[in-house]
Structures are given as C-alpha cells and as structure tokens.
Amino acid sequence: MDLQVDPATVVLLVAVAFAAGWLDAVVGGGGLVQVPALLLALPTAPVATVLGTNKLVAITGTSGAALTYVSRVGLDRRRALAAAGLGVPTALAGAVTASHLPRDAITLVVAATLVGVGAWAVVARPGDRPAPPRDAAPEPPSPPEPAAPPAPVPRGRHRVVVLAVGACAVGFYSGVVGARTALARGSGFVRVVLLLVVTALVVKIVHDQWLTR
C-alpha cells in the first residue's frame, strides 16, 4: 500500500484531528469531521484503514477528555460502565460491517449522517452550561513550545503509522482542550460551530463524489 501524501495534506489532517478531538470532547461526533477528511485526503487508502485510523485518534482524544472531566466534575461510574458494555459489541459489529462495504457506500452513509447531525444541531435545545468546581482556580495559559523542525514524510505503510501517531498526540491534547471549553462555555456555542463544519463537509462530499463525476 503506497499512499501519496504531501506535506500540505499532513498539516490539514493534523488540523482536522484537533478539530475532531475538540468536537468529540464537547458534543461528540468528531468522527463525522475526521472520516470525510480522511476519505478525501487519502483516496487510495482502504476504507478499513481510514476508519481504523479515525478510531485510533478518537480513543486518544476521548481519553484526554475523560481524564479532564473526571478530574473536574466527577463520573457516574454505573452509567459509564453500562455505556462501555454496550459500546464494545456494537463497535465490533460496525467494524466488521464497514470492512465489507464499498467505499461509495461508506461515503453515502457518512454524508447522510452528517445531514442528520446538522438537523439535530438546528432543532435541539442547548443544554445548561455546566458549572465548574467552586475551588477550581483558572489555569494560566501554557507557554508556547518551540517549533520542531519538519520531519520527512515516509512512504507506504510507514507513512500511515507516522500520520496515526501524530494524529493521536494531537487528538489527546484536543480532547483536553475540548473538555475545558465545554466546562467553560456550554453547548450553545459549540453547536453553532458544529453546524457550520457539518454544512461545509456535506457540500464538499457531494461536490467531490457526485457533482464532478
């Protein structure tokens, strides 16, 4: 498998991984941002590779968000365990199904789901803004880290590994940032952003997959 990925595409995918991790931490649905971006940026990659890469990033982003939420507002362990118990078998069933579906079918499902998410963002009522712990002091902004020199982008499967590892690191950090945003600003602002992103992705998918053929 030889995936031709230029540096500009790598930068784009890193930005998308951050946005997806942030959305996952705040309202969920980060995969609906990242999967279309991966499908468009890696047109020759197998669908299973795209979905697996997305899930790997989602795990790290959700882990960062979960650690932040637990440390700030606590966790309902009973509900969390029930959701995890239901999520494991359904995730396995979804992975098996996706590995046997053609790329066009996956793209159609993603586009239809994006439309549904956009409709939900319009009609759903924003939830109440979560209250941060009273004894929590505002954290000072972290100093910017020195920029590292750009690394050469390897080829083939090594390129996929580098992309996945980098996206996982970005996903974890964005999950932490997203959780802090949700605690500070609530869901109203985030739903507006989500609606804008979903609309742009639907237009892009429809244009690239059907209008240009």
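## Working through an all-helix model

α1 and α3 cross in a right-handed way. The model here is a predicted one, and that crossing is a good way in.

**Exercise 1. Describe how α1 and α3 pack: at what angle do the axes cross, and which residues make the contact?**

Step 1: place the two helices. α1 covers residues 7-26 and α3 covers residues 47-73.

Step 2: get the geometry. Their axes come within 9 Å and cross at roughly 45°. That angle makes α1 oblique to α3, because angles between 35 and 65 degrees fall outside the parallel and perpendicular classes.

Step 3: list who touches whom. On the α1 side, A17, D24, A25 and V26 make the contact, and on the α3 side their partners are V57, A58, A65 and Y69.

**Exercise 2. Count the secondary structure elements: how many helices and how many strands does the protein have?**

Step 1: tally them up. You should find seven helices and zero strands.

Step 2: walk the chain from the N terminus. The order reads α-α-α-α-α-α-α.

Step 3: add the bulk numbers. The protein has 213 residues, and 34% of them count as buried. About 13,100 Å² is exposed, with carbon and sulfur atoms supplying 68% of that area.

Step 4: ask how far along the chain the contacts reach. Take the contacts with a separation of 6 or more: 87% of them join residues 24 or more positions apart.

**Exercise 3. Compare the record with the model: which stretches does UniProt mark as "transmembrane region", and what is the helix content of residues 81-99 and 105-124?**

Step 1: read the annotation. The unreviewed UniProt entry puts the feature at residues 51-69, 81-99, 105-124, 160-183 and 189-207.

Step 2: check residues 81-99 in the model. The stretch is 100% helix and 0% strand, and its end C-alpha atoms sit 27 Å apart.

Step 3: do the same for residues 105-124. Here you get 95% helix and 0% strand, with 28 Å between the end C-alpha atoms.

**Exercise 4. Look at α2: is it mostly covered or mostly open, and how does it pack on α1 and α5?**

Step 1: check burial. α2 spans residues 31-41, and 10 of its 11 residues are buried. The buried set is G31, L32, V33, Q34, V35, P36, A37, L38, L39 and A41.

Step 2: turn to α1. The two helices pack at an angle of about 165°, with axes 8 Å apart. So α1 is roughly antiparallel to α2, since the angle is over 145 degrees. The crossing of α1 and α2 is left-handed. α1 brings T9, L13, V16, A17, A20, L23 and D24 to the contact, while α2 offers G31, V33, Q34, A37, L38 and A41.

Step 3: now α5, residues 103-123. Its axis comes within 10 Å of the α2 axis, and the two cross at roughly 145°. This crossing is left-handed. From α2, the residues involved are L32, V35, P36 and L39; from α5, they are R103, I106, T107, V110, T113, L114 and V117.

**Exercise 5. Is G31 buried or exposed, and what does it touch?**

Step 1: locate the residue. G31 belongs to helix α2.

Step 2: apply the cut-off. G31 has a relative accessible area of 19%, so it counts as buried, the limit being under 20%.

Step 3: find the partners. Setting aside neighbours within four places in sequence, G31 contacts D24, P36 and N54. N54 is 23 residues away along the chain, yet the C-alpha atoms of G31 and N54 are separated by 6.5 Å.

**Exercise 6. Sort T68, G186 and V193 by exposure: which are buried and which are partly exposed?**

Step 1: T68. This residue is in helix α3, and its relative accessible area of 8% makes it buried. Leaving out residues up to four places away in sequence, T68 touches V176, A179 and R180.

Step 2: G186. You'll find it in the loop between α6 (156-185) and α7 (187-211). At 6% relative accessible area, G186 is buried. G186 and V26 are 160 residues apart in sequence, with 8.3 Å between their C-alpha atoms.

Step 3: V193. This one sits in helix α7 and, at 25% relative accessibility, counts as partly exposed. V193 and A121 are 72 residues apart in sequence and 9.6 Å apart, C-alpha to C-alpha.

Methods:
Residues are numbered from 1 along each chain as its sequence is written. This is a predicted model: local features need pLDDT of at least 70, side-chain atom pairs count only at pLDDT 80 or more; totals for chains, interfaces and linings use all residues. Side-chain values use heavy atoms; hydrogens and water are left out. Helices (H or I, at least four residues) and strands (E, at least two) are DSSP runs, numbered from the N terminus. Buried means under 20% relative accessible area, exposed over 50%, partly exposed in between (1.4 Å probe, protein chains only). Contact means heavy atoms within 4.5 Å. Accessible areas come from the Shrake-Rupley method with a 1.4 Å probe; for residues, only the protein chains shown count as cover. UniProt positions are given in the numbering used here, feature names are shortened, and annotations may be inferred rather than shown by experiment. Axes are lines fitted to C-alpha atoms, for helices over the stretch in contact, and angles run from 0 to 180 degrees between N-to-C directions. Angles under 35 degrees count as roughly parallel, over 145 as roughly antiparallel, 65 to 115 as roughly perpendicular and the rest as oblique. A crossing is left-handed if the near helix is turned anticlockwise from the far one by less than a right angle, and right-handed if clockwise.
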